[in-house]
Amino acid sequence: MKEEKIQILTDEIKLHKLAELFRVFGDRSRLSILYCLIDEPMCVCDISEKTGLSQSLVSHQLRVLRQSNLVRYEKQGKHSIYQLDDEHVSEIIAIAYNHLNHRGEI
């Protein structure tokens with residue numbers, strides 16, 4: 001891991017991609033959408049209802065999340081059903097939550 005860490009620190013492209021990923025996680029709306037999708041796949045209307053965000057905002061943020069490969073979707077009739085792309089997404093959220101909780105910040 002140490003050698004890999006050094007390679008990442010000296011590779012501008014990898015650092016940029018990592019920073020972009022954290023930028024995507026850094027938006028409260030996107031984070032609440034990701035949190036909704038941890039337990040089950042959902043359509044835009046259900047995500048909107050659960051988060052209190054407008055459907056247009058949810059759709060916009062889902063587009064950003066798709067482009068970042070954090071969510072994917074599947075068409076079911078007229079609806080697109082969204083889910084986390086893989087288990088790493090929920091693990092990142094859980095690690096961040098546990099870090100803040102451990103420090104007594106949440």
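This is a short guided tour of the structure above, moving from the whole chain to single residues. Keep in mind as you look around that the model is predicted.

**Stop 1: the whole protein**

Start with everything shown as a cartoon. You should find six helices and three strands. Follow the chain along its sequence, and these elements come in the order α-α-α-β-α-α-β-β-α. If you draw a box around the C-alpha atoms along the principal axes, it comes to roughly 50 × 35 × 20 Å.

Now switch on the surface. The protein exposes about 7,700 Å², and carbon and sulfur atoms supply 52% of that area. Of the 106 residues, 25% are buried. For contacts between residues at least 6 apart in sequence, 46% join residues that are at least 24 apart.

Next, colour by charge. There are 14 positive and 16 negative charges, and the mean positions of the two groups lie 5 Å apart.

**Stop 2: the strands**

Select residues 71-76, which form strand β2, together with β3. Strand β3 covers residues 79-84. How many bridges join β2 to β3? There are six, and the two strands run antiparallel.

Look at the turn of this hairpin, where two residues sit between the strands. One residue to pick out here is glycine 77, which takes a positive phi near 70°.

Now add residues 42-43, which make up strand β1. Strand β1 is joined to β3 by two bridges, and this pair is antiparallel as well.

**Stop 3: isoleucine 81**

Zoom in on isoleucine 81 in β3. Which residue of β2 stands opposite isoleucine 81? That residue is glutamate 74. Turn to β1, and you will find cysteine 43 opposite isoleucine 81 too. This makes isoleucine 81 a handy place to see β3 with a partner on β1 and a partner on β2.

**Stop 4: the cysteines**

Stay with cysteine 43 for a moment and bring up the cysteine side chains. How many disulfides does the structure hold? The count is zero. Cysteine 36, for example, is in no disulfide: the nearest cysteine sulfur belongs to cysteine 43 and is 11 Å away. A disulfide would need the two sulfur atoms within 2.5 Å.

Is cysteine 36 buried or exposed? Its relative accessibility is 7%, so cysteine 36 counts as buried. Finish by selecting cysteine 45, which has a relative accessible area of 29% and is therefore partly exposed.

How values were computed:
Residues are numbered from 1 along each chain as its sequence is written. This is a predicted model: local features need pLDDT of at least 70, side-chain atom pairs count only at pLDDT 80 or more; totals for chains, interfaces and linings use all residues. Side-chain values use heavy atoms; hydrogens and water are left out. Helices (H or I, at least four residues) and strands (E, at least two) are DSSP runs, numbered from the N terminus. Buried means under 20% relative accessible area, exposed over 50%, partly exposed in between (1.4 Å probe, protein chains only). Contact means heavy atoms within 4.5 Å. Accessible areas come from the Shrake-Rupley method with a 1.4 Å probe; for residues, only the protein chains shown count as cover. Lys and Arg count as positive and Asp and Glu as negative; His and the chain ends are not counted. The place of a charge is taken as NZ of Lys, CZ of Arg, CG of Asp or CD of Glu. Two strands pair if DSSP finds at least two bridges between them.
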